[in-house]
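Please work through the exercises below with the sequence and the model open side by side. Each task is followed by a solution that goes step by step.

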Amino acid sequence: EEILIREADAYRAFRAGSTAIAFAPIASLASGRVVGLMARPLLPSPRSGPLAVIEPDLARRAGWADALSRWLLAEACDRSRDWRSAPLGAVRLCID
């Protein structure tokens, strides 16, 4: 029952446009330099705190993983265009 509640909460927030995106650095073990960024979707969650990562299995089970993936990819690509002139330069973008 708790899983169904979380699925319903997440889907409602996604449909309402409350989804946010977080980027975590991916560092090279050899150089210690940032070589990429991992994009993860976040939603406001009254049960998990202000923002909670949307677990891919949750969206998959509930049947809206494709919509979430399309949104995440488009949002991450839009944001990455702004970084071309940033100090990081060209980095790989990974979608989770």
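**Exercise 1. Work out how far apart Arg79 and Glu75 sit in helix H3, and what their side chains form.**

Solution. Begin with the sequence positions: Arg79 and Glu75 are four residues apart in helix H3, so about one helical turn separates them. Next, turn to the side chains in this predicted model, where Arg79 and Glu75 meet in a salt bridge with an N to O distance of 3.2 Å. This distance satisfies the cut-off, which asks for a side-chain nitrogen of Lys or Arg within 4 Å of a carboxyl oxygen of Asp or Glu. As a general matter, side chains of opposite charge can pair when their charged atoms come close. Then consider exposure: Arg79 counts as partly exposed because its relative accessibility is 33%, and Glu75 is likewise partly exposed, with a relative accessible area of 21%. Finally, a search of the whole structure finds one salt bridge.

**Exercise 2. Lay out the order of helices and strands along the chain, and state what share of the residues is buried.**

Solution. First count the elements, which gives three helices and four strands. Then read along the sequence, where the pattern is α-β-β-β-α-α-β. For burial, the cut-off is a relative accessible area under 20%, and buried residues make up 23% of the 96 residues in the chain.

**Exercise 3. Find the aromatic pairs, classify each by its geometry, and say which parts of the chain they join.**

Solution. A search of the whole structure finds two aromatic pairs. One of them is formed by Tyr11 and Trp64, whose rings lie 5.5 Å apart centre to centre with 55° between the planes, and this pair is tilted. To see what the pair joins, place both residues: Tyr11 lies in helix H1 (residues 2–15), whereas Trp64 lies in the loop between helix H2 (56–62) and helix H3 (65–81), so the pair ties together parts that are 53 residues apart in sequence. The two partners can also be described by exposure, since Tyr11 is partly exposed with a relative accessible area of 34%, while Trp64, at 4% relative accessibility, counts as buried.

Now take Phe14 and Trp64, which form a stacked pair at 5.1 Å centre to centre and 25° between the planes. The cut-off for a stacked pair is an angle under 30 degrees. Because Phe14 lies in helix H1 and Trp64 in the loop between H2 and H3, this pair ties together parts that are 50 residues apart in sequence. Here both partners, Phe14 and Trp64, are buried. As a last step, combine the residues: Tyr11, Phe14 and Trp64 form one aromatic cluster.

**Exercise 4. List the members of the largest nonpolar core and determine which elements contribute to it.**

Solution. The largest nonpolar core has ten residues in all, namely Ala10, Ala13, Phe14, Leu43, Ile54, Leu58, Ala59, Trp64, Ala65 and Leu68. Sorting these by element shows that H1, H2 and H3 are the elements that give two or more residues to this core. H1 gives the most, with three residues.

**Exercise 5. Compare the sequence separation with the C-alpha separation for Ala62 and Tyr11, and for Arg92 and Leu37.**

Solution. Start with Ala62, which has its place in helix H2 and is partly exposed, with a relative accessible area of 34%. Although Ala62 and Tyr11 are 51 residues apart along the chain, their C-alpha atoms are separated by 8.1 Å. Then move to Arg92, which has its place in strand S4 and is exposed, with a relative accessible area of 65%. The C-alpha atoms of Arg92 and Leu37 are separated by 6.3 Å, and these residues are 55 residues apart along the chain.

**Exercise 6. Identify the residues of the nonpolar surface patch that includes Leu93, and count the disulfides.**

Solution. The patch is made by Leu73, Leu93 and Ile95, and covers about 220 Å². Of these, Leu93 lies in strand S4 (residues 92–95) and is partly exposed, with a relative accessible area of 30%. For the disulfides, the rule asks for a pair of cysteine sulfur atoms within 2.5 Å, and by this rule the count comes to zero. As for individual cysteines, Cys77 counts as partly exposed at 30% relative accessibility, and Cys94 is partly exposed with a relative accessible area of 28%.

Technical notes:
Residues are numbered from 1 along each chain as its sequence is written. This is a predicted model: local features need pLDDT of at least 70, side-chain atom pairs count only at pLDDT 80 or more; totals for chains, interfaces and linings use all residues. Side-chain values use heavy atoms; hydrogens and water are left out. Buried means under 20% relative accessible area, exposed over 50%, partly exposed in between (1.4 Å probe, protein chains only). Patches are made of residues with over 30% relative accessible area and no salt bridge: like charges are joined within 9 Å, nonpolar side chains (Val, Leu, Ile, Met, Phe, Trp, Tyr) within 5 Å. Accessible areas come from the Shrake-Rupley method with a 1.4 Å probe; for residues, only the protein chains shown count as cover. Rings of Phe, Tyr and Trp (its six-membered ring) pair if their centres lie within 6.5 Å; planes under 30 degrees apart count as stacked, over 60 as edge-to-face and the rest as tilted. A nonpolar core is a set of buried Ala, Val, Leu, Ile, Met, Phe, Trp, Tyr and Cys residues joined through side-chain atoms within 4.5 Å.
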